[in-house]
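Student: Could you take me through one part of this structure up close? I'd like to see how the disulfide region and its surroundings fit together.

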Amino acid sequence: AQETQLHKLVLLGGSSVISGISCQVIYTEAGFPCLNGGTHAGLGLAYLLDRGRQFLSPGDTVLLVLEYEHYFDQGRPPTAFINHVFARDPDYLLSADLLTQVYLWGGLSPSRLLKGLEMRFTQTALAASPTTGRFACDESDTYCADTINEFGDETGNRREAMTPDLKQRIANLTPKRFASQEALISDYVVRTINDFLVWCQDNQI
């Protein structure tokens, strides 16, 4: 994002963005600089938008492509978010407000802490790539830095890589149904999105 000097289109959302929309195609076909800022939807709406602010500069255009679950976010840090922050984004932990820090530390179980320490020492013992400094990904990795291109697109989700089991699991999926009260957008989501819109306006985005 920092290397893109021209006004750009920034896509923010969950895995449907990083795996389902190609900024490379947008740039190739339309000639418009594009950055794919999609990430794991389970990290929560607030973190997704906070992370997105780091990609944006005055004059940019942001397109929010939120997952269905984002509209019912109640603001409680999900487990995936807690694990991610401690494992991959300690800077966020240090910069978060006091209430968020309390939630994060309170949501970290002893077993998860031990597992994290084990993984840290195990990965340290492994050989990292001399060119990227990254550890190799295996076939079980859903998100892998090695398959993210310069536009931020996930390129490892190719049709030919789909196994028969995965195709069958997709075929068995059914629409998610909600009761009328469950389908209401939460006040927290309205406030969070409004705050982001105000920030965008203040920064000419």
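Tutor: Here is a walk through the disulfide and a neighbouring polar residue. The model is predicted, so local features need pLDDT of at least 70 and side-chain atom pairs count only at pLDDT 80 or more, while totals for chains, interfaces and linings use all residues. Residues are numbered from 1 along each chain as its sequence is written, and side-chain values use heavy atoms, with hydrogens and water left out.

Take a disulfide as a pair of cysteine sulfur atoms within 2.5 Å; by that rule the count is one. The bond joins C23 to C34, S to S 2.0 Å. C23 sits in helix α2 (residues 23–30) and C34 in strand β2, so the pair ties together parts eleven residues apart in sequence. Helices (H or I, at least four residues) and strands (E, at least two) are DSSP runs, numbered from the N terminus. The torsion about the S-S bond is about -40 degrees, so this disulfide is left-handed.

Buried means under 20% relative accessible area, exposed over 50%, partly exposed in between (1.4 Å probe, protein chains only). C23 is buried at 0%, and C34 is buried at 9%.

Strand β2 (residues 34–36) also holds N36, which is buried at 6% relative accessibility. Its side chain makes a polar contact with the side chain of D153 at 3.0 Å; that term means N or O atoms within 3.5 Å, where within protein one must be able to donate a hydrogen and the other to accept it, and residues adjacent in sequence count only if both atoms are side-chain atoms. A polar side-chain atom of N36 also lies 3.0 Å from the backbone nitrogen of G38. Beyond four places in sequence, the contacts of N36 (heavy atoms within 4.5 Å) include C23, F151 and D153.
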